Amino acid sequence: MISSQRALVLFSGGQDSTTCLAWALSRYAQVETIGFDYGQRHAIEMTMRPLLIEKMRSMSPDWDARLGEDHVIDLSLISAISHTAMTQEIDIEMQANGLPNTFVPGRNLLFMTVAATLAYRRGLSVLVGGMCETDFSGYPDCRDDTMKSLQVTLNLGMASAFTIETPLMWLDKHATWSLARSLGGDSLVDLIRTDTHTCYLGQRGALHDWGYGCGSCPACALRARGYQQFIGK
Ligand code: ZN
């Protein structure tokens, strides 16, 4: 069943947001995408986005028909006002507050707020994000309660009726690979494996069985472990 609702997917070009895009294309009549350029070290994600979108169009005539405009927004102010291992050339380490310094304070709050501003203009009522509580680094802005609270705040502040959907919230990486296969078969799994980028250091590196990346940063380790479980190793 395809919902007549129209959705905006926060699409970074990584594994999670590509799976979210396939999820939305399998569910909503029209889907647009938004990406944020914020001076991230893994800017390679941003360069992969148009290619991923084109390849997903070619995978299914239905997806092609439903997929609308892509919007790229400059949020370089994030790297100007924060100091994190995602936006500066510093080592990834744990901070005194128990959060890794890859945490960019307020990032997902800002992303979702900017997405809602765009969705308001475009008449899109569903905001889809790849936030996940299950096996992530404990980022507080990925929590289900944060997103539910933000949905209420956005709807109060914009006198609107947005729904925030987070289809990966309770999935581990293994289940995220399985979801991709159920949505787009092996061709989607292969696309995600070879053309999405997750590595925190933004390294393309060698092609491992789980995709490209440095192979040792927390994001690569998580992706590799999930993939090994997915293929039953
Ligand atoms: Zn890496």
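Donors are N, O and S atoms within 2.8 Å of the metal. The exercises below concern a predicted model.

**Exercise 1. The zinc site**

Determine which residues coordinate the zinc ion, how they are spaced in sequence, and what arrangement they form.

*Solution.*

Step 1. The zinc ion is held through the SG atoms of Cys199, Cys214, Cys217 and Cys220, at 2.3 to 2.4 Å.

Step 2. Along the sequence, these donor residues follow the pattern C-x14-C-x2-C-x2-C.

Step 3. Cys199 and Cys214 are 15 residues apart and link distant parts of the chain. Cys199 belongs to the loop between α7 (173-195) and β6 (207-208), and Cys214 to the loop between β7 (211-212) and α8 (218-230).

Step 4. Four donors count as tetrahedral if all angles lie between 85 and 135 degrees. The angles subtended by the four donor atoms around the zinc ion are 106 to 116°, so the arrangement is tetrahedral.

Step 5. Buried means under 20% relative accessible area. Cys199 has a relative accessible area of 1% and is therefore buried.

**Exercise 2. Two helix pairs**

Classify the packing of α7 against α2 and against α8, and describe the residues in each contact.

*Solution.*

Step 1. Helix α2 (residues 44-59) packs with α7 at an angle of about 170°, and their axes are 11 Å apart. Angles over 145 degrees count as roughly antiparallel, so α2 is roughly antiparallel to α7.

Step 2. On the α2 side, the contact is made by Met48, Leu51, Leu52, Lys55, Met56 and Met59. On the α7 side, Gly184, Ser187, Leu188, Leu191 and Asp195 take part. By class, this contact of α2 with α7 has seven nonpolar, two polar and two charged residues.

Step 3. The axes of α7 and α8 cross at roughly 85° and come within 10 Å. Angles of 65 to 115 degrees count as roughly perpendicular, so α7 is roughly perpendicular to α8.

Step 4. Residues of α7 in this contact include Trp177, Val189 and Ile192, while those of α8 include Leu222, Tyr227 and Phe230. By class, the contact of α7 with α8 has six nonpolar, four polar and four charged residues.

**Exercise 3. The surroundings of Ile78**

Decide whether Ile78 is buried or exposed, and identify its contacts beyond its neighbours within four places in sequence.

*Solution.*

Step 1. Ile78 is part of helix α4 (residues 77-81).

Step 2. The relative accessibility of Ile78 is 5%, so Ile78 counts as buried.

Step 3. Apart from neighbours within four places in sequence, Ile78 contacts Tyr38, Val104, Arg107, Leu110 and Phe111.

Step 4. Gly39 is 39 residues from Ile78 along the chain, and their C-alpha atoms are separated by 7.7 Å.

Note on methods:
Residues are numbered from 1 along each chain as its sequence is written. This is a predicted model: local features need pLDDT of at least 70, side-chain atom pairs count only at pLDDT 80 or more; totals for chains, interfaces and linings use all residues. Side-chain values use heavy atoms; hydrogens and water are left out. Donors are N, O and S atoms within 2.8 Å of the metal (3.2 Å for Na, K and Ca); water is not among the atoms, so sites may look incomplete. Four donors count as tetrahedral if all angles lie between 85 and 135 degrees; four count as square planar and six as octahedral if opposite donors are over 155 degrees apart and all others between 65 and 115; anything else is irregular. Helices (H or I, at least four residues) and strands (E, at least two) are DSSP runs, numbered from the N terminus. Buried means under 20% relative accessible area, exposed over 50%, partly exposed in between (1.4 Å probe, protein chains only). Axes are lines fitted to C-alpha atoms, for helices over the stretch in contact, and angles run from 0 to 180 degrees between N-to-C directions. Angles under 35 degrees count as roughly parallel, over 145 as roughly antiparallel, 65 to 115 as roughly perpendicular and the rest as oblique. Contact means heavy atoms within 4.5 Å. Ala, Val, Leu, Ile, Met, Phe, Trp, Tyr, Cys and Pro count as nonpolar, Asp, Glu, Lys and Arg as charged, and the others, Gly among them, as polar.
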